[in-house]
Amino acid sequence: MSGPYPAAVTAALAAQRIETPSWAYGNSGTRFKVFAQPGVPRTPEEKLDDAARVHEHTGVAPDVALHIPWDRCDDYGALASYARERGLRLGTVNSNVFQDDDYKLGSVTHPDAAVRRKALDHLLECVDIMDATGSRDLKLWFADGTNYPGQDDIRARQERLAEALATVRDRLGEGQRMLLEYKLFEPSFYTTDVPDWGTAYAHCLKLGPKARVVVDTGHHAPGTNIEFIVALLLREGKLGGFDFNSRFYADDDLMAGAADPFQLFRIMYEVVRGGGLESGAGVSFMLDQCHNIEPKIPAVIRSVMNVQEATAKALLVDTAALEGAQRSGDVLGANAVLMDAYDTDVRPLLAGVREACGLDPDPVGAYRRSGWAERIVEERKGGQQAGWGA
Ligand code: LRH
Ligand code: MN
Ligand code: MN
(Lines give C-alpha, C1' and ligand atoms only; values in the text may rest on other atoms or scores of the structure.)
(Ligands and ions follow the chains in the order given, each with its own letter.)
Protein backbone atom coordinates (compact mmCIF):
# COMPACT_ATOMS: atom_id res chain seq x y z
CA MET A 1 0.00 0.00 0.00
CA SER A 2 1.48 3.36 -0.94
CA GLY A 3 0.43 7.01 -1.04
CA PRO A 4 -1.18 9.35 -1.74
CA TYR A 5 -3.27 8.57 1.32
CA PRO A 6 -6.89 9.58 1.93
CA ALA A 7 -7.31 13.00 3.54
CA ALA A 8 -9.38 11.36 6.30
CA VAL A 9 -6.32 9.31 7.31
CA THR A 10 -3.97 12.27 7.54
CA ALA A 11 -6.63 14.32 9.34
CA ALA A 12 -7.18 11.55 11.91
CA LEU A 13 -3.44 11.26 12.52
CA ALA A 14 -3.03 15.00 12.96
CA ALA A 15 -5.98 15.06 15.38
CA GLN A 16 -4.99 12.11 17.60
CA ARG A 17 -3.77 13.06 21.07
CA ILE A 18 -1.43 10.91 23.16
CA GLU A 19 -1.11 11.72 26.85
CA THR A 20 2.28 11.28 28.50
CA PRO A 21 2.77 10.36 32.17
CA SER A 22 4.70 12.69 34.46
CA TRP A 23 6.41 9.69 36.04
CA ALA A 24 8.02 8.67 32.72
CA TYR A 25 10.25 11.74 33.06
CA GLY A 26 11.42 10.88 36.58
CA ASN A 27 13.79 8.23 37.81
CA SER A 28 12.46 4.70 37.98
CA GLY A 29 13.73 1.17 38.18
CA THR A 30 12.92 -2.32 39.24
CA ARG A 31 12.66 -3.47 42.83
CA PHE A 32 16.35 -4.31 42.56
CA LYS A 33 17.80 -0.94 41.57
CA VAL A 34 16.96 2.53 40.36
CA PHE A 35 19.65 3.82 37.99
CA ALA A 36 19.48 7.57 38.43
CA GLN A 37 20.03 9.63 35.29
CA PRO A 38 21.63 13.09 35.25
CA GLY A 39 19.30 15.94 34.29
CA VAL A 40 16.14 14.25 35.54
CA PRO A 41 13.45 16.68 36.81
CA ARG A 42 13.37 17.66 40.46
CA THR A 43 9.90 19.17 40.52
CA PRO A 44 6.52 18.72 38.80
CA GLU A 45 7.32 21.91 36.85
CA GLU A 46 10.54 20.41 35.48
CA LYS A 47 8.60 17.31 34.44
CA LEU A 48 6.29 19.61 32.51
CA ASP A 49 9.30 21.30 30.91
CA ASP A 50 10.37 17.89 29.60
CA ALA A 51 6.84 16.98 28.50
CA ALA A 52 6.75 20.25 26.56
CA ARG A 53 9.74 19.02 24.53
CA VAL A 54 7.84 15.85 23.62
CA HIS A 55 4.89 17.94 22.48
CA GLU A 56 7.10 20.42 20.64
CA HIS A 57 8.61 17.67 18.50
CA THR A 58 5.58 15.40 18.02
CA GLY A 59 2.73 17.95 18.02
CA VAL A 60 0.32 15.37 19.44
CA ALA A 61 1.20 15.17 23.15
CA PRO A 62 -0.16 18.27 24.93
CA ASP A 63 -1.66 16.35 27.88
CA VAL A 64 0.35 15.26 30.89
CA ALA A 65 -0.99 12.81 33.45
CA LEU A 66 -0.24 13.49 37.10
CA HIS A 67 0.35 10.95 39.87
CA ILE A 68 -0.55 12.03 43.38
CA PRO A 69 1.50 12.19 45.63
CA TRP A 70 4.43 11.95 43.20
CA ASP A 71 3.39 15.33 41.76
CA ARG A 72 2.15 16.84 44.99
CA CYS A 73 2.37 20.63 45.03
CA ASP A 74 0.90 23.56 46.96
CA ASP A 75 -1.11 25.11 44.16
CA TYR A 76 -2.50 22.91 41.40
CA GLY A 77 -4.16 25.86 39.70
CA ALA A 78 -0.72 27.46 39.38
CA LEU A 79 0.69 24.17 38.04
CA ALA A 80 -2.10 24.13 35.43
CA SER A 81 -1.16 27.70 34.42
CA TYR A 82 2.50 26.67 34.22
CA ALA A 83 1.43 23.86 31.87
CA ARG A 84 -0.75 26.16 29.77
CA GLU A 85 2.10 28.65 29.33
CA ARG A 86 4.08 25.80 27.75
CA GLY A 87 1.29 24.69 25.43
CA LEU A 88 0.35 21.79 27.69
CA ARG A 89 -2.70 20.71 29.71
CA LEU A 90 -2.75 18.77 32.94
CA GLY A 91 -4.51 15.52 32.13
CA THR A 92 -5.58 12.43 34.00
CA VAL A 93 -5.09 12.45 37.76
CA ASN A 94 -3.72 9.09 38.89
CA SER A 95 -4.44 8.22 42.47
CA ASN A 96 -1.96 6.36 44.61
CA VAL A 97 -3.23 4.20 47.45
CA PHE A 98 -0.39 1.73 47.33
CA GLN A 99 2.70 3.38 48.77
CA ASP A 100 1.80 3.88 52.39
CA ASP A 101 2.58 1.45 55.22
CA ASP A 102 -1.10 1.50 56.15
CA TYR A 103 -1.95 -0.19 52.85
CA LYS A 104 -0.13 -3.44 53.56
CA LEU A 105 -3.42 -5.37 53.59
CA GLY A 106 -5.20 -3.17 51.07
CA SER A 107 -6.61 0.33 50.69
CA VAL A 108 -10.33 0.67 49.93
CA THR A 109 -10.76 -3.07 50.53
CA HIS A 110 -8.72 -3.17 53.75
CA PRO A 111 -10.41 -5.04 56.61
CA ASP A 112 -9.96 -2.00 58.90
CA ALA A 113 -12.51 0.78 58.29
CA ALA A 114 -10.00 3.47 59.37
CA VAL A 115 -7.59 2.51 56.59
CA ARG A 116 -10.46 2.38 54.11
CA ARG A 117 -11.44 5.91 55.12
CA LYS A 118 -7.86 7.15 54.67
CA ALA A 119 -7.73 5.66 51.16
CA LEU A 120 -11.12 7.08 50.26
CA ASP A 121 -10.07 10.52 51.51
CA HIS A 122 -7.09 10.36 49.13
CA LEU A 123 -9.36 9.51 46.20
CA LEU A 124 -11.66 12.40 47.09
CA GLU A 125 -8.65 14.70 47.38
CA CYS A 126 -7.72 13.64 43.84
CA VAL A 127 -11.11 14.90 42.66
CA ASP A 128 -10.41 18.22 44.43
CA ILE A 129 -7.16 18.35 42.46
CA MET A 130 -9.07 17.65 39.24
CA ASP A 131 -11.30 20.62 40.05
CA ALA A 132 -8.19 22.81 40.36
CA THR A 133 -6.40 21.48 37.27
CA GLY A 134 -9.46 21.17 35.05
CA SER A 135 -8.72 17.47 34.49
CA ARG A 136 -11.49 15.27 33.16
CA ASP A 137 -10.36 11.87 34.37
CA LEU A 138 -9.50 10.21 37.66
CA LYS A 139 -7.59 6.98 37.15
CA LEU A 140 -8.00 4.37 39.83
CA TRP A 141 -5.65 1.47 40.23
CA PHE A 142 -5.75 -0.58 43.39
CA ALA A 143 -2.87 -2.76 44.51
CA ASP A 144 -5.42 -4.40 46.82
CA GLY A 145 -5.52 -8.15 47.10
CA THR A 146 -4.31 -11.05 49.22
CA ASN A 147 -1.33 -13.35 49.20
CA TYR A 148 -2.77 -16.43 50.90
CA PRO A 149 -6.01 -18.38 50.67
CA GLY A 150 -8.17 -17.48 53.65
CA GLN A 151 -6.30 -14.24 54.34
CA ASP A 152 -9.46 -12.18 53.83
CA ASP A 153 -12.98 -12.62 52.54
CA ILE A 154 -13.09 -12.21 48.75
CA ARG A 155 -16.76 -11.19 48.70
CA ALA A 156 -16.45 -8.71 51.57
CA ARG A 157 -13.57 -7.04 49.76
CA GLN A 158 -15.76 -6.61 46.67
CA GLU A 159 -18.44 -4.98 48.87
CA ARG A 160 -15.91 -2.55 50.33
CA LEU A 161 -14.59 -1.75 46.86
CA ALA A 162 -18.07 -1.08 45.49
CA GLU A 163 -18.85 1.22 48.42
CA ALA A 164 -15.70 3.30 47.92
CA LEU A 165 -16.20 3.54 44.17
CA ALA A 166 -19.81 4.72 44.61
CA THR A 167 -18.66 7.43 47.02
CA VAL A 168 -16.08 8.66 44.51
CA ARG A 169 -18.68 8.56 41.72
CA ASP A 170 -21.02 10.74 43.80
CA ARG A 171 -18.25 13.28 44.32
CA LEU A 172 -17.44 13.67 40.58
CA GLY A 173 -18.53 16.93 38.99
CA GLU A 174 -20.13 17.59 35.63
CA GLY A 175 -17.96 16.22 32.83
CA GLN A 176 -15.62 14.37 35.19
CA ARG A 177 -15.08 10.62 34.89
CA MET A 178 -13.52 7.76 36.82
CA LEU A 179 -11.42 5.21 34.95
CA LEU A 180 -11.00 1.87 36.69
CA GLU A 181 -7.81 0.01 35.86
CA TYR A 182 -7.45 -3.74 36.29
CA LYS A 183 -4.32 -5.78 36.75
CA LEU A 184 -3.95 -9.54 36.92
CA PHE A 185 -1.45 -9.74 39.77
CA GLU A 186 1.32 -7.85 41.53
CA PRO A 187 1.83 -6.76 44.21
CA SER A 188 -0.70 -9.34 45.41
CA PHE A 189 -0.08 -12.90 44.34
CA TYR A 190 -3.16 -14.90 45.36
CA THR A 191 -6.17 -12.65 44.77
CA THR A 192 -6.33 -9.17 43.28
CA ASP A 193 -9.52 -7.23 43.92
CA VAL A 194 -9.71 -5.82 40.37
CA PRO A 195 -7.82 -8.48 38.41
CA ASP A 196 -9.47 -8.32 35.00
CA TRP A 197 -11.68 -6.39 32.59
CA GLY A 198 -14.76 -8.35 33.65
CA THR A 199 -14.47 -7.27 37.28
CA ALA A 200 -13.76 -3.67 36.25
CA TYR A 201 -16.66 -3.72 33.80
CA ALA A 202 -19.09 -5.12 36.38
CA HIS A 203 -18.23 -2.32 38.80
CA CYS A 204 -18.35 0.36 36.08
CA LEU A 205 -21.72 -0.88 34.86
CA LYS A 206 -23.21 -0.45 38.36
CA LEU A 207 -21.53 2.93 38.77
CA GLY A 208 -23.16 4.31 35.63
CA PRO A 209 -22.07 6.62 32.82
CA LYS A 210 -19.27 8.41 34.69
CA ALA A 211 -17.30 5.18 35.13
CA ARG A 212 -15.31 3.45 32.44
CA VAL A 213 -12.63 0.79 32.20
CA VAL A 214 -9.01 1.57 31.37
CA VAL A 215 -6.92 -1.05 29.61
CA ASP A 216 -3.27 -1.12 30.62
CA THR A 217 -1.66 -3.27 27.95
CA GLY A 218 0.81 -4.74 30.45
CA HIS A 219 -1.80 -6.01 32.89
CA HIS A 220 -2.91 -9.29 31.33
CA ALA A 221 -1.87 -12.91 31.38
CA PRO A 222 0.49 -13.78 28.53
CA GLY A 223 -1.47 -14.68 25.41
CA THR A 224 -4.57 -12.68 26.35
CA ASN A 225 -6.34 -11.30 23.30
CA ILE A 226 -6.37 -7.64 24.34
CA GLU A 227 -7.96 -6.42 21.11
CA PHE A 228 -10.99 -8.57 21.83
CA ILE A 229 -11.38 -6.83 25.21
CA VAL A 230 -11.03 -3.48 23.46
CA ALA A 231 -13.68 -4.37 20.86
CA LEU A 232 -16.09 -5.52 23.54
CA LEU A 233 -15.63 -2.55 25.88
CA LEU A 234 -15.97 -0.09 23.00
CA ARG A 235 -19.14 -1.81 21.86
CA GLU A 236 -20.55 -1.39 25.37
CA GLY A 237 -19.50 2.26 25.56
CA LYS A 238 -17.26 1.45 28.52
CA LEU A 239 -13.76 1.91 27.14
CA GLY A 240 -12.34 4.94 28.93
CA GLY A 241 -8.80 4.73 27.68
CA PHE A 242 -5.47 3.01 27.55
CA ASP A 243 -2.33 2.85 29.58
CA PHE A 244 0.00 1.93 26.73
CA ASN A 245 3.29 0.19 27.38
CA SER A 246 4.78 -3.08 26.26
CA ARG A 247 5.93 -6.22 27.92
CA PHE A 248 7.76 -9.43 27.34
CA TYR A 249 6.91 -11.08 30.67
CA ALA A 250 4.68 -9.31 33.20
CA ASP A 251 4.04 -5.60 33.82
CA ASP A 252 7.35 -4.64 32.21
CA ASP A 253 6.37 -1.01 31.43
CA LEU A 254 8.63 -0.91 28.37
CA MET A 255 8.04 1.52 25.52
CA ALA A 256 4.67 1.11 23.79
CA GLY A 257 5.03 -0.78 20.55
CA ALA A 258 8.53 -2.00 21.34
CA ALA A 259 7.86 -5.59 22.33
CA ASP A 260 4.93 -6.37 20.06
CA PRO A 261 4.08 -3.72 17.45
CA PHE A 262 1.69 -6.18 15.78
CA GLN A 263 -0.40 -6.38 18.96
CA LEU A 264 -0.53 -2.59 19.15
CA PHE A 265 -1.71 -2.52 15.54
CA ARG A 266 -4.42 -5.09 16.27
CA ILE A 267 -5.58 -3.03 19.25
CA MET A 268 -5.63 0.17 17.21
CA TYR A 269 -7.51 -1.56 14.43
CA GLU A 270 -10.29 -2.43 16.89
CA VAL A 271 -10.24 1.15 18.18
CA VAL A 272 -10.70 2.49 14.65
CA ARG A 273 -13.27 -0.18 13.81
CA GLY A 274 -15.30 0.68 16.91
CA GLY A 275 -15.19 4.46 16.36
CA GLY A 276 -12.85 4.95 19.32
CA LEU A 277 -10.69 7.47 17.50
CA GLU A 278 -13.58 9.86 17.00
CA SER A 279 -13.54 12.91 19.24
CA GLY A 280 -16.85 12.14 20.95
CA ALA A 281 -15.83 8.57 21.82
CA GLY A 282 -14.10 9.60 25.04
CA VAL A 283 -11.20 7.18 24.66
CA SER A 284 -7.89 8.43 26.09
CA PHE A 285 -4.59 7.27 24.68
CA MET A 286 -2.18 7.45 27.57
CA LEU A 287 1.30 6.08 28.05
CA ASP A 288 2.15 4.39 31.34
CA GLN A 289 5.76 3.42 31.18
CA CYS A 290 9.12 3.76 32.87
CA HIS A 291 12.43 4.36 31.16
CA ASN A 292 14.85 2.67 33.49
CA ILE A 293 17.94 2.35 31.32
CA GLU A 294 17.26 4.52 28.26
CA PRO A 295 17.17 8.34 28.09
CA LYS A 296 13.66 9.33 29.05
CA ILE A 297 12.55 12.16 26.76
CA PRO A 298 13.53 10.52 23.45
CA ALA A 299 12.01 7.27 24.76
CA VAL A 300 8.69 9.03 25.32
CA ILE A 301 8.94 10.58 21.83
CA ARG A 302 9.66 7.14 20.36
CA SER A 303 6.65 5.68 22.20
CA VAL A 304 4.35 8.42 20.93
CA MET A 305 5.60 7.70 17.41
CA ASN A 306 5.02 3.97 17.86
CA VAL A 307 1.39 4.61 18.84
CA GLN A 308 1.04 6.90 15.83
CA GLU A 309 2.50 4.24 13.50
CA ALA A 310 0.10 1.58 14.80
CA THR A 311 -2.77 4.04 14.38
CA ALA A 312 -1.72 4.93 10.83
CA LYS A 313 -1.60 1.26 9.84
CA ALA A 314 -5.01 0.65 11.41
CA LEU A 315 -6.44 3.59 9.47
CA LEU A 316 -5.04 2.17 6.22
CA VAL A 317 -6.95 -1.11 6.42
CA ASP A 318 -9.02 -1.40 3.24
CA THR A 319 -12.34 -1.90 5.01
CA ALA A 320 -14.35 -2.52 1.81
CA ALA A 321 -11.94 -5.25 0.71
CA LEU A 322 -11.92 -6.69 4.24
CA GLU A 323 -15.70 -6.81 4.50
CA GLY A 324 -15.92 -8.39 1.05
CA ALA A 325 -13.44 -11.10 1.97
CA GLN A 326 -15.15 -11.70 5.32
CA ARG A 327 -18.61 -11.97 3.74
CA SER A 328 -17.43 -14.46 1.16
CA GLY A 329 -15.60 -16.54 3.74
CA ASP A 330 -12.24 -15.80 2.15
CA VAL A 331 -10.13 -16.48 5.22
CA LEU A 332 -6.77 -15.95 3.58
CA GLY A 333 -7.97 -12.93 1.64
CA ALA A 334 -9.31 -11.23 4.77
CA ASN A 335 -6.13 -11.90 6.66
CA ALA A 336 -4.10 -10.56 3.71
CA VAL A 337 -6.04 -7.28 3.75
CA LEU A 338 -5.14 -6.76 7.40
CA MET A 339 -1.51 -7.77 6.86
CA ASP A 340 -1.17 -5.45 3.86
CA ALA A 341 -2.02 -2.53 6.11
CA TYR A 342 0.30 -3.77 8.87
CA ASP A 343 3.16 -4.27 6.42
CA THR A 344 2.87 -0.73 5.03
CA ASP A 345 5.80 1.54 5.85
CA VAL A 346 3.85 4.44 7.34
CA ARG A 347 6.91 6.47 8.30
CA PRO A 348 6.77 8.65 5.13
CA LEU A 349 3.03 9.20 5.74
CA LEU A 350 3.65 10.37 9.31
CA ALA A 351 6.62 12.48 8.25
CA GLY A 352 4.27 14.22 5.80
CA VAL A 353 1.64 14.74 8.51
CA ARG A 354 4.30 16.34 10.73
CA GLU A 355 5.58 18.59 7.95
CA ALA A 356 2.04 19.71 7.16
CA CYS A 357 1.76 20.72 10.84
CA GLY A 358 5.01 22.69 10.61
CA LEU A 359 7.05 20.09 12.51
CA ASP A 360 10.36 18.41 11.82
CA PRO A 361 9.57 15.06 10.13
CA ASP A 362 12.08 13.34 12.46
CA PRO A 363 11.05 14.09 16.08
CA VAL A 364 13.83 12.09 17.78
CA GLY A 365 16.48 13.68 15.56
CA ALA A 366 15.01 17.14 16.17
CA TYR A 367 15.10 16.53 19.93
CA ARG A 368 18.74 15.38 19.75
CA ARG A 369 19.71 18.46 17.74
CA SER A 370 17.85 20.80 20.11
CA GLY A 371 20.51 20.53 22.83
CA TRP A 372 17.85 20.08 25.55
CA ALA A 373 19.43 16.87 26.87
CA GLU A 374 22.77 18.60 27.48
CA ARG A 375 21.07 21.69 28.90
CA ILE A 376 19.15 19.84 31.62
CA VAL A 377 22.24 17.91 32.70
CA GLU A 378 24.00 21.23 33.11
CA GLU A 379 21.13 23.14 34.76
CA ARG A 380 19.52 20.56 37.02
CA LYS A 381 22.20 20.20 39.60
CA GLY A 382 21.44 19.94 43.29
CA GLY A 383 18.04 19.21 44.75
CA GLN A 384 16.25 15.90 44.90
CA GLN A 385 15.54 14.20 41.59
CA ALA A 386 11.98 13.08 41.05
CA GLY A 387 11.35 9.38 41.12
CA TRP A 388 8.93 6.80 42.38
CA GLY A 389 7.64 7.99 45.69
CA ALA A 390 9.21 11.43 45.29
C1 LRH B 1 0.12 -0.21 38.14
C2 LRH B 1 0.11 0.95 37.18
C3 LRH B 1 -0.95 1.96 37.55
C4 LRH B 1 -0.13 2.93 38.36
C5 LRH B 1 1.12 3.00 37.50
C6 LRH B 1 2.30 3.72 38.05
O7 LRH B 1 0.97 -1.23 37.72
O8 LRH B 1 -0.01 0.51 35.88
O9 LRH B 1 -1.45 2.60 36.42
O10 LRH B 1 -0.76 4.12 38.61
O11 LRH B 1 1.36 1.64 37.25
MN1 MN C 1 -1.22 1.57 34.41
MN1 MN D 1 1.19 -1.27 35.50
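Why is strand β3 (residues 89–94) largely enclosed by the rest of the structure? The short version is that 5 of its 6 residues are buried, so the rest of the structure largely wraps it up. Keep in mind that this is a predicted model. The protein averages a pLDDT of 97, with 99% of the residues scoring at least 70, and the predictor gives the complex an ipTM of 0.99 and a pTM of 0.97.

**Around β3**

Let's start with the strands on either side. On one hand, β3 pairs with β2 (residues 63–67) in the parallel sense, over 4 bridges. One of the residue pairs here is H67 with N94 of β3. To get from β2 to β3 the chain goes through helix α3 (residues 76–85), and that β-α-β crossover is right-handed.

On the other hand, β3 runs parallel to β4 (residues 137–141), joined by 2 bridges. Here V93 has L138 in β4 as its bridge partner. Helix α4 (residues 113–133) completes a right-handed β-α-β unit with β3 and β4.

**The sheet as a whole**

Zoom out and you get an open sheet of 8 strands with parallel pairing, ordered β1-β2-β3-β4-β6-β8-β9-β10. The edges belong to β1 (20–21) and β10 (284–287); each has a single partner strand, so one side of each has no neighbour in the sheet. For β1 that partner is β2, which runs parallel to it through 2 bridges, and T20 sits opposite V64 in β2.

**The ligand shell**

N94 turns up again around ligand 1, in the company of W141, E181, K183, D216, D243, D251 and D288. By class, this shell has 6 charged residues, 1 polar and 1 nonpolar.

**Backbone oddities in the loops**

Two peptide bonds leading into prolines are worth a look.

| Cis peptide bond | Omega |
|---|---|
| I68 to P69 | near 20 degrees |
| E186 to P187 | about 10 degrees |

P69 is in the loop between β2 and α3, while P187 is in the loop between β6 (177–181) and β7 (191–192).

E186 also has a positive phi, near 80 degrees, despite not being a glycine. D253 is another non-glycine residue with a positive phi, in this case near 55 degrees.

Is each of these two buried or exposed? E186, in the loop between β6 and β7, counts as exposed because it has 12 C-beta neighbours inside 10 Å. D253, in the loop between β9 (239–244) and α8 (261–273), is buried, with 23 other C-beta atoms within 10 Å.

Notes: Residues numbered from 1 in each chain as written. Chains lettered and ligands numbered in written order. Predicted model: local features only at pLDDT ≥ 70, side-chain atom pairs only at ≥ 80, totals over all residues. Buried ≥ 20, exposed ≤ 12 C-beta atoms within 10 Å, placed from the backbone. Pairing = 2+ DSSP bridges. Right-handed = clockwise from strand over helix to strand, strands pointing away. pLDDT = per-residue confidence, 0-100. Near = placed C-beta within 6 Å. Nonpolar A, V, L, I, M, F, W, Y, C, P; charged D, E, K, R; others polar.
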